Amino acid sequence: MTMKTFGILGAGTWGTALANMLENMGHHCCVWSPIKEEVESITSTRKHSHLPGSIIHDNIEFTTDIKYTVEGKDYVLVATPSVFVRSTSETIKPFISLSSCTAIILFLSGQIHLNFALIIWGYLHRADKTLIK
């Protein structure tokens with residue numbers, strides 16, 4: 001299997017659990033949170049307060065730098081609360097190259113939502129080789 005790079009937007013339980021699973025499968029993940037204290041806590045303890053008993057993989061990067069999280073990644077996973085989908089999409093627009101990013105995948109409450117994927121598509125609005133699932 002070829003290692004892929006993932007930028008994960010959202011360091012909540014869903015984003016962190018996805019990152020852990022992907023790292024365990026041999027991929028590399030960078031997880032973004034706008035909350036500095038959350039990033040510092042997870043980075044130093046390798047634990048998430050809402051994932052009791054889980055140890056976060058040492059290779060997962062956590063950052064408040066959204067540009068670093070999405071730029072040049074093979075996949076971008078959006079795991080933010082739904083109220084932040086629009087603003088997050090607008091924020092990543094200048095940093096994401098849709099010609100090199102294979103897919104933008106949106107996860108909300110453990111499901112893939114087409115209506116929010118269309119919102120992201122509207123903000124990024126390029127018709128090159130992007131696949132939104």
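**Exercise 1. A nonpolar surface patch**

Which residues make the nonpolar surface patch of about 360 Å²?

Solution. The model examined here is predicted. The patch is formed by Met-1, Met-21 and Met-25. To place one of these residues, note that Met-1 lies in the segment before strand S1 (5-9). Patch members must have over 30% relative accessible area. Met-1 meets this requirement, because its relative accessible area is 78%, and it is classed as exposed.

**Exercise 2. The overall fold**

Determine the secondary structure content of the protein chain and the order of its elements.

Solution. Begin with the count: the chain contains 5 helices and 7 strands. Next, read the elements from the N terminus, which gives β-α-β-α-β-α-β-α-β-β-α-β. Then consider contacts between residues at least 6 apart in sequence: 69% of them join residues at least 24 apart. Turning to burial, 43% of the 133 residues count as buried. Finally, the chain exposes about 7000 Å², of which carbon and sulfur atoms supply 57%.

**Exercise 3. The surroundings of Thr-88**

Establish where Thr-88 is placed, and whether Thr-88 is buried or exposed.

Solution. Thr-88 belongs to helix H4, which covers residues 85-92. Its relative accessible area is 6%; the threshold for burial is under 20%, and Thr-88 is therefore buried. The polar end of the side chain can be considered next: the side chain of Thr-88 reaches the backbone oxygen of Phe-84 at 2.7 Å. With neighbours within four places in sequence set aside, the contacts of Thr-88 are Leu-9, Trp-32, Ile-66 and Thr-80.

**Exercise 4. The cysteines**

How many disulfides does the structure hold?

Solution. The structure holds 0 disulfides. Cys-29 takes part in none, and the nearest cysteine sulfur, belonging to Cys-30, is 8.8 Å away. For Cys-30, likewise in no disulfide, the nearest cysteine sulfur is that of Cys-29, at 8.8 Å. A disulfide requires sulfur atoms within 2.5 Å, so a separation of 8.8 Å does not qualify. As to accessibility, Cys-29 is buried at 0% relative accessibility, and Cys-30 is buried with a relative accessible area of 0%.

**Exercise 5. A loop residue beside Cys-29**

Locate Asn-59 in the chain and identify its contacts beyond its neighbours within four places in sequence.

Solution. Asn-59 is in the loop between helix H2 (36-45) and strand S3 (61-63). With a relative accessible area of 46%, Asn-59 is partly exposed. Leaving out neighbours within four places in sequence, Asn-59 is in contact with Glu-23, His-28, Cys-29 and Arg-46. For one of these partners, Cys-29, a backbone distance is available: the C-alpha atoms of Asn-59 and Cys-29 are separated by 7.7 Å, although the two residues are 30 apart along the chain.

**Exercise 6. Salt bridging in helix H2**

Which residue forms a salt bridge with Lys-36, and how far apart are the closest N and O atoms?

Solution. The count for the structure is 1 salt bridge. The partner of Lys-36 is Glu-40, with the closest N and O atoms 3.9 Å apart. The cut-off is within 4 Å, so the pair qualifies. The sequence spacing comes next: because Glu-40 and Lys-36 are 4 residues apart in helix H2, they are separated by about one helical turn. Lastly, compare the accessibility classes of the two partners. Glu-40 is partly exposed at 45% relative accessible area, whereas Lys-36 counts as exposed at 52%.

Technical notes. Residues numbered from 1 in each chain as written. Predicted model: local features only at pLDDT ≥ 70, side-chain atom pairs only at ≥ 80, totals over all residues. Heavy atoms only, no water. Patch = residues over 30% accessible without salt bridge, like charges linked within 9 Å, V, L, I, M, F, W, Y side chains within 5 Å. Areas by Shrake-Rupley, 256 points an atom, 1.4 Å probe, with all protein chains shown as cover. Salt bridge = Lys/Arg side-chain N within 4 Å of Asp/Glu carboxyl O. Helix = DSSP H or I, 4+ residues; strand = E, 2+ residues; numbered from the N terminus. Buried < 20%, exposed > 50% of the residue type's maximum accessible area, 1.4 Å probe, protein only. Polar contact = N/O pair within 3.5 Å; in protein donor to acceptor, adjacent residues only side chain to side chain. Contact = heavy atoms within 4.5 Å.
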